[in-house]
Structures are given as C-alpha cells and as structure tokens.
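Here are my notes for a first look at this structure. Please keep the sequence and the 3D view open as you read.

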Amino acid sequence: MTSVRGCLMAASVDQAELQAMIEDFEASQLSNEREAALQAEADGVASKLQCPICNQCVVLQNRHVIFSSCGRLRVPLQHEQLSVQDLSRGLTDATQEHKASGCRAVPEFCQEERFGIPALYMKCHICQVVRLIL
Ligand SMILES: [Zn+2]
Ligand SMILES: [Zn+2]
C-alpha cells in the first residue's frame with residue numbers, strides 16, 4: 001500500500017490522521033493474515049491417522065496446528081518441525097507404555113488446557129495414569 005508511505009511524506013497530513021491511517025493499514029494487514037490462516041486451516045492436510053478422541057474422523061494438519069474434523073482435537077504446534085507423525089508416534093508410545101505397566105484397561109485420549117495451552121493427554125481411569133502426548 002503505497003498511499004501510507006505517501007502520507008508519511010505529506011507534511012499537510014496531521015499526526016492524528018496519519019496515526020489513524022497507519023492503524024487502519026495495520027488492522028487490514030492483520031485481518032489478511034487471519035484470513036490466510038483460516039484458509040490454510042480449511043486446506044489442512046489430511047493424514048491417515050485416526051482421531052484418538054472420537055476414533056471416527058481423521059487428524060488434519062496445517063503449519064501451525066494439528067486438528068481433527070470432529071472439532072475435539074485442536075493442538076497448536078510448539079515447533080514447526082512437529083507433525084502428525086510425532087502425534088502418531090506419541091500415541092503408540094503412550095499406549096504401549098501403558099500396556100507395559102500391566103494395566104489392561106483401554107486408556108482415553110482427551111484434550112485439555114493446562115498452563116493455558118491446549119494439549120492432548122492420555123488418561124486411564126483404572127491406573128490413574130495421565131500422560132502428555134502432544
Ligand atoms: Zn475426531
Ligand atoms: Zn491404566
């Protein structure tokens with residue numbers, strides 16, 4: 001947007017008006033970013049991994065978040081390197097570890113917010129284990 005730059009140089013524009021223009025410009029930039037993020041989410045790459053929460057839908061991923069179409073899983077990624085494969089591995093590891101502990105119950109997976117960050121946990125009501133997956 002060249003008009004903002006133009007305004008910056010125009011001495012006739014008063015400061016308040018200039019500030020308002022810059023804020024408008026920044027706000028429009030922000031909403032563009034938000035739209036792009038929503039679009040990316042709509043285009044999220046579907047994986048072959050089944051949603052561990054409902055066991056019906058599949059897990060999807062875009063650059064910043066792993067989510068599922070049922071809407072019950074939505075975990076922002078802490079690192080860009082993380083992917084559905086890490087989630088898949090985490091699920092397998094946790095399930096095997098739980099089985100190795102001798103408990104024969106089937107653990108549940110659920111999303112919870114702790115420390116303000118949503119994350120996926122494995123929980124077993126029988127042996128009381130709670131394990132962070134992702
Ligand atoms: Zn699901
Ligand atoms: Zn258990």
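What share of the 134 residues in the protein chain do buried residues make up? The points below begin with that.

1. **Overall picture.** This is a predicted model. Buried residues make up 14% of the 134 residues in the protein chain. The chain has three helices and seven strands. Along the sequence, they follow the pattern α-α-β-β-β-β-α-β-β-β. Take the contacts with a separation of 6 or more: 30% of them are between residues 24 or more positions apart.

2. **The first sheet.** Four strands form an open sheet, in the order β1-β2-β3-β4, with antiparallel pairing. The edges are β1 and β4. Each has a single partner strand, so one side of each has no neighbour in the sheet. From one strand to the next, the twist averages 20°. Look next at the pair β2 and β3. Three bridges hold this antiparallel pairing. One residue match to find is L60, whose bridge partner in β3 is F67.

3. **The second sheet.** Three strands form another open sheet, with the order β5-β6-β7 and antiparallel pairing. Here β5 and β7 stand at the edges. Each of these two has a single partner strand, so one side of each is left without a neighbour in the sheet. The twist averages 40° from one strand to the next.

4. **Bridges in the second sheet.** Strand β5 covers residues 108–114 and is joined to β6 by seven bridges. These two strands run antiparallel. E108 stands opposite K123 in β6, and F109 stands opposite M122 in β6. On to the next pair: β6 and β7 are joined by three bridges and also run antiparallel. In this pairing K123 stands opposite V130 in β7. K123 is therefore worth picking out in the view, with E108 as one opposite residue and V130 as another.

5. **Two hairpins.** β5 and β6 form a hairpin with two residues between them. F115 sits in that turn and has a positive phi of about 55°. The hairpin of β6 and β7 has six residues between the strands. There, Q128 takes a positive phi near 65°.

6. **Helix α3, its length and ends.** α3 has 17 residues. At 1.5 Å a residue it should span 24 Å, and its end C-alpha atoms are 24 Å apart, which agrees. After α3 comes G102, with a positive phi near 100°. On the other flank, the loop between β4 (74–76) and α3 holds S83. S83 counts as partly exposed because it has 15 C-beta neighbours inside 10 Å. S83 and I66 are 17 residues apart along the chain, and their C-alpha atoms are separated by 7.7 Å.

7. **Helix α3, its two sides.** Which residues of α3 are buried? They are L87, L91, A94 and H98. Seen down the axis of α3, the buried residues fall within an arc of 70°, so they line one face of the helix. On the other side, Q85, T92, Q96 and A100 are exposed.

8. **What α3 packs against.** The buried residues of α3 pack against β1 (45–50), β2, β3, β6 and β7 (130–132). The helix lies across β1, β2 and β3. It runs at about 10° to β1.

9. **The nonpolar core.** In soluble globular proteins, nonpolar side chains tend to be buried together. The largest nonpolar core here has 14 residues. Which of them touch the most other members? They are I66, L87, L120, I133 and L134. At least two core residues come from each of β2 (58–61), β3 (65–68), α3 (84–100) and β6 (117–123). α3 gives the most, with three residues.

10. **A residue to start from.** Try L87, which is buried in α3. Setting aside neighbours within four places in sequence, L87 is in contact with L49, V59, I66, I133 and L134. Among these, I66, I133 and L134 are also listed with L87 as touching the most other members of the core.

Technical notes. Residues numbered from 1 in each chain as written. Chains lettered and ligands numbered in written order. Predicted model: local features only at pLDDT ≥ 70, side-chain atom pairs only at ≥ 80, totals over all residues. Buried ≥ 20, exposed ≤ 12 C-beta atoms within 10 Å, placed from the backbone. Contact = placed C-beta atoms within 7 Å. Core = buried A, V, L, I, M, F, W, Y, C linked by C-beta atoms within 7 Å. Expected span 1.5 Å × (residues − 1). Arc of directions from axis to C-beta. Pairing = 2+ DSSP bridges. Axes fitted to C-alpha atoms, helices over the stretch in contact; angles between N-to-C directions.
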